[in-house]
Amino acid sequence: MSAPRPVVVLGATGSIGTQTLQVADRLGLHVVGIATRRPSDRLVQLAERYPDAALATVEEPAGDLPTPVTRRLATGVDAIDAMAATPGTVVVNGVVGCAGLRPSLAALAAGNRLALANKETLVAGGTLVLDAAAAGGGAIVPVDSEHSAIWQCLVGEPGGLARLVLTASGGPLRGRSAAAMETVTVAEALAHPTWEMGPRITVDSATMMNKALEVIEAHHLFGIDYDAIDVVVHPQSVIHSLVEFVDGSVKAQLGEPDMRVPIQYALTGPQRRPGTAAPLDLAGRELTFAAPDRIAFPCLDLGFLAGRRGGIAPAVLNAADEVAVAAFLDGKIGFADIARTVEAVLERTADRSPASVAEVLDADAAARRLSTELLPG
Ligand code: MG
């Protein structure tokens, strides 16, 4: 059994970063790099907890930090990229937003294992990221529970993949009609039944845009056509996803919802280590499945549409959604306006294949400007 690699955590104070450090501690893994967006008291605590980890922040410290921290601290986006390129590491990318794209490319170019929780890396970066992995010898492994499930189902399978089925909890608005979506409040959209997550991803679960982005990620991660990716609503979130093979056999991965399970597998997989998940007892449990309501949740098909268009379209989808979700959370637009805004932005954007990260970020910025213009009200 080969030892798991030393760990670099990007976005170390976020939800994924915090849980990654818990898993790394329990497994006794060496944490060699910690990066956050801005210097904070929490970063100072982490610096004390991990005395030989390099530290990096995007922003400069606003006030005085303890000397033992500043001595180990590098700042700026280049410092984050350099940390992601630390040789022989597994780089957990829990950065939020397009800021995660560059360090992902740096990790892959350095031949590292990239444990990916940053959605924008594959959604916006797409084939650029796959090319970087091929060129640098790096490998992308998923952190997201659905993609981890698919990865786990594919271990030991040399081929014969026919179809992926991503499960979706359906979010807090499952069962509502399209008409009822017009009056959804922020509190209703934020009340996710099974997973605890940040506000954007929680709203994205309510619109099913989160699943749409996961479909695009699955297409890139597993090299499978959009026609062979399906989504099934499974409110209990016990089956994390399924894989169908050409002989009709279907494999699924199950477990109580706990992000530390896929995080651990991203660090150690395909090897298994003891974990903390609650034991799964299926006796007396009802697991239910339904087709998604594509009329009430139009974001799902907008994801398939953008994915099939390819090029900058998925980056535009993501950027428009981020702007629209922020406007919804600010009380500026209604819940159903999120999908309308994304659709309008996609309609007004011409297809183009980005040749560089700079072009992806340009498309992202242009989509954000257009989204702000097109917001209703
Ligand atoms: Mg997920």
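Two strands count as paired if DSSP finds at least two bridges between them. Keep that in mind for the exercises below, and remember that this is a predicted model.

**Exercise 1. Work out how E1 and E2 pair, and what packs on them.**

Step 1: Take strand E1 (residues 7-10) and strand E2 (residues 31-36); they run in the parallel sense and share four bridges. The cut-off is at least two bridges, so the pair qualifies.

Step 2: Look across from valine 7 and you'll find valine 31 in E2.

Step 3: Now add helix H1 (residues 15-27), which packs on the sheet and touches E1, E2 and strand E5 (90-93). The direction of H1 makes about 160° with that of E1.

**Exercise 2. Lay out the whole sheet and find its edges.**

Step 1: Write down the strand order, E4-E3-E2-E1-E5-E6-E7: seven strands in an open sheet, with parallel pairing.

Step 2: Check the two ends. Strand E4 (73-75) and strand E7 (139-142) each have a single partner strand, so each has one side without a neighbour in the sheet.

Step 3: Going from one strand to the next, the twist averages 20°.

**Exercise 3. Identify the protein donors of the magnesium ion, and decide whether Asp144 and Glu146 are buried or exposed.**

Step 1: The protein donors are Asp144 (OD), Glu146 (OE) and Glu214 (OE), at 2.1 to 2.4 Å from the ion.

Step 2: Along the sequence, the spacing of these donor residues reads D-x1-E-x67-E.

Step 3: Buried means under 20% relative accessible area. Aspartate 144 comes in at 15%, so it counts as buried. Glutamate 146, at 7%, is buried too.

**Exercise 4. Describe the surroundings of asparagine 210.**

Step 1: Place the residue: asparagine 210 sits in helix H11 (residues 209-222).

Step 2: Its relative accessible area is 7%, so asparagine 210 is buried.

Step 3: Skip neighbours within four places in sequence, and the contacts of asparagine 210 are Lys119, Ile201, Asp204 and Ser205.

Step 4: Zoom in on lysine 119: its side chain makes a polar contact with the side chain of asparagine 210, at 2.9 Å.

**Exercise 5. Place proline 68 and classify its accessibility.**

Step 1: Proline 68 belongs to helix H3 (residues 67-70).

Step 2: With a relative accessible area of 45%, proline 68 is partly exposed.

Step 3: Go 21 residues along the chain to alanine 47, and the C-alpha atoms of alanine 47 and proline 68 turn out to be 8.4 Å apart.

Note on methods
Residues numbered from 1 in each chain as written. Predicted model: local features only at pLDDT ≥ 70, side-chain atom pairs only at ≥ 80, totals over all residues. Heavy atoms only, no water. Helix = DSSP H or I, 4+ residues; strand = E, 2+ residues; numbered from the N terminus. Axes fitted to C-alpha atoms, helices over the stretch in contact; angles between N-to-C directions. Contact = heavy atoms within 4.5 Å. Donors = N, O, S within 2.8 Å, 3.2 Å for Na, K, Ca; no water. Buried < 20%, exposed > 50% of the residue type's maximum accessible area, 1.4 Å probe, protein only. Polar contact = N/O pair within 3.5 Å; in protein donor to acceptor, adjacent residues only side chain to side chain.
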